[in-house]
Structures are given as structure tokens and as C-alpha cells.
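Good morning. Please have the sequence and the structure open while I talk.

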Amino acid sequence: WYGLEVYQAGGCAYVDFSYDYGETGMLITPTINTTGSVTIKCRMRSVNPEGDYIGYNIAYEDMETGEIEILDSNIGSLVNDEWTDVEWFTSYGGDDTYIYLFSYEAPVYIDDIEIIHHYMPVPTILPETNVTENSFTANWEAIEGADEYNFFLYTEHTATTDEAYDLYNLNFNDIESSGTEDAPEVPEEGDFVYNSWYSYLHVFINGALGISGEGTAYYDYGYISSPEMDLSSDDGKATLTVKLKAQAGDAMELFLYSAEKGGYYDVVYNEYFSAENDGWNEYTFELTGGTEFSIIELWYYGYNFLYIDDLKVTQNLKAGDVKSLLINDQPTTENSIDVVIDEAYKNDKTYYQLYGIKYIYAYDPYYDDYYVAGGITSEFTEPRYSPTNETSINDMEVASSTLAYFNNGVLNVFNPENEIVSVYNVNGACVFNAQINGPVQTDFAKGLYIVKVGDKVMKAVNN
């Protein structure tokens, strides 16, 4: 630890005003690792009876050039000259950094400093249950301290021939609402996620999604945004078709943002256009500049309502091209979630991932209250293919409470009665026999296996 104008003061540090620099001094930590999620806590007391603003910076210094880069900073306030608990949360640090604490105008006392580096383990996925041909329940072990989990479901399509493939085809038919085009339903929530497409200032009518122009007068525009998608095929070209209804002349703008891996998003395509008339019209946009990391957004600049239906994103694929698309993301406070595979993806593989999150609360002395300062998250689980890919329910002679299937080469057995499990290859040889409930830690060659759980028999294919 070191600093500028820092003195011992009876069991705490005193940071004085520096007349050489014309500002208060600072207390500086050693070089530490501030990557990930970090909480900075301390107690401070200003010498000014009216208090002062206080703050921190996280800095990285290039030892060769001496250049200093500020990675993160934040401020707080002391409302008087009494000892006050101060707390900040950040996730914008880095390796080999240091933190310095300071006040803005008057000297300050500092004590009881804590730099807390948060960590959350990756959830452990458990065997799926309630498996049917197009649904299952995903399960995982609860993480101590986790407030919720974010679950992501993907589809994986492999083109067997050259084809025009619909990456997304949203008809909104499952939106049931009493809202009409003249009087749409305005929900209390200001945002909405539909098949992983995010909309802001949304409204509903039966069978279609709407965007409100209520914030336009305040430059707060409604929009709909796709999840990140892979548009790298066909030299980055794709087609967007959509039916729109707005008041004649209402302004809209379509954006395509793209990035290279690890880079920043840039606008690679945008088109400003207006509603042709007061009715429903189909619009087609030939997008260019797509990459593996692309996002489509449609903004509404009118003052009334924009209605959206039959939104389709299509791209030409070559035989062998593989497309993975996010088709559902959903938060849950439980350690399981019911998953239904949409009919549109029944011929493709699906897989899922999830991570845990814990919200961090910090104290604001100005308002004398705690607020959500941020969250710490675990890493994603490894992708796990859905059991609906591997198992044909029609081939099972099994109660729905017992299940055996392969996932990424690992045989998973859900055996709630803890019966003996026997596995036979196509030649009838027993290759595994034990009492187990969960993953079988045995290497199985690719092929068909007969799995017997107690008196229940089923097939499992290791692809």
C-alpha cells in the first residue's frame, strides 16, 4: 500500500489535501487482480461537516511506457463528518491493476478497507426427467447463494443440401390478447422476450406484437432486437421479410450490427423508411455485412403504434453448413425448468446451457438504502444436447419416471428406484452391470445399446 498525502491517524489513514497538486491525495492498493466481480468496502469520515464526494479508480499502468489506463471509476458521497460505511461493486477490472481511494475537496479519514473478489461455481447438470418426443425437464444442482439461473436453449441445424434456411420465422400466433389495433393491450412491464427476440415499449394484439411510440416525444424509442446470430454464411448476406402496420408516414429504421470475435459491434447495414399507408404491408430487406456475431434491430420513431407479424430471417446455406441459434432464454429461481421444443425445430438437434447469478447489494449513504449494484455470475455450463435428440419415446418399453440416453457419448440413467442397471451391446454381450442413478462412467463405442433398469427395457443410441 502507498499513497499521496497519506498519514497515520490513530488506527486509521488520513488523506490530506495536496497543495503541490491542488487536490486531495489518495490511498493506493498494491498491484492486484480485479478481474471478474469485486466489491470495494471501507469506512470514511470527511473533515468537512457538510460531507464530500468520494470515489475510487481502478488503474492499469504499463511498466514499459509508464502510461496509465483507467479501467473503471465510481463516486459516492458523505453527507456529514461522521464515520460512514462505503461500498462499491464493479466488474470492470483487470489483471495487474491497483485501486486508489480519494475524496474530492476536503481531507478524509479511511479505515476497515476490504477488497472482496467474488466467485460462483458452475452449475452441475443432472439427468433430465419427464422426457417425451418434444419436451423434457432440465435439472441441475442448486448453487448455494445463487439468486437465480439463466437458461438458454439452442437449435443446431446442419444443411444436408444447398438450401435457403429460415434462421427465425416468428408468426406470433401464440400471442393471445384482447388488444386490438385500435386499442392494444399495454402490459405493465416495459420489455418482453419472445423466442429470444427482445422488445422494448411493447404492446399486444391478438396474434401479433406491437411497439408503442409513447416515448418518442422524449427521444425514448421503442424497438425489437434479435439475439446474437450467425450470419457469416453466403458472404454475410441474409434476407429479412416482415409484415408491418403503422400510421402512414411513420418513420422506422432497420439496423444490422456485426462484430468479429472479441470485437465491438459496428453498424454494417441500416435503412431508414416510412410506413407506406395505414394498412398491413410486407417489407423485404437484403442485409449485407453479417458475421458470426450479428444482431438485427428494428426501431420505431412514430408517435402511435407499430404492429409486427410474420418476421422471417432467411440465409442461403451450403451443404454441410451448421447453424446454432438461440431459441429461448429464460431466468428461473428454481434448479429445474420445463422445456418444450417447438415444432419448427423437430428435425434439428437442440442443446442447452445455463449459468448462476447472485445479486450484489451496496449501501448508498445519501439515500440511506441498499440498491442492486450488480451481479456475480458463474461460467456457462458445457453445452448439453437435449435427450429428445437421442431417444425415440416410441421405441421405449419404459415408464416415464425411468430413462436412459446418451449425451455427448455419456450414458445417463435416471433410476429413481435405484434398481440394477444392465447394458447390452447389439451382440447381446453385457458391457455394464451395476446399481447406479446418474452418468455411467464407462466408455461406450458408438452404436445401439439395450439398457435394462430393473424389469424395464429401453434402447439408447450413442451417436
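I will go through the salt bridges and where their partners sit.

This is a predicted model, in which local features need pLDDT of at least 70 and side-chain atom pairs count only at pLDDT 80 or more, while totals for chains, interfaces and linings use all residues. Residues are numbered from 1 along each chain as its sequence is written, and side-chain values use heavy atoms, with hydrogens and water left out.

How many salt bridges does a search of the whole structure find? The search finds eight. A salt bridge here is a side-chain nitrogen of Lys or Arg within 4 Å of a carboxyl oxygen of Asp or Glu.

Take Glu128 and Arg384, whose closest N and O atoms are 2.7 Å apart. Glu128 is in strand S13 and Arg384 in strand S32, 256 residues apart. Strands are DSSP runs of E, at least two residues, numbered from the N terminus. Are these partners buried or exposed? Buried means under 20% relative accessible area, exposed over 50%, and partly exposed in between, with a 1.4 Å probe and protein chains only. Glu128 is at 0%, so it counts as buried, and Arg384 is buried at 13%.

Next, Asp310 pairs with Lys243, with the closest N and O atoms 3.3 Å apart. Asp310 lies in strand S27 and Lys243 in strand S22, so the bridge ties together parts 67 residues apart in sequence. Both are partly exposed: Asp310 at 29%, Lys243 at 32%.

Lys456 forms a salt bridge with Glu419, at 3.5 Å between the closest N and O atoms. Lys456 is buried at 19%, whereas Glu419 is partly exposed at 24%. Finally, Arg43, Asp85 and Asp112 are joined into one network by salt bridges that share partners.

Note on methods
Helix = DSSP H or I, 4+ residues; strand = E, 2+ residues; numbered from the N terminus.
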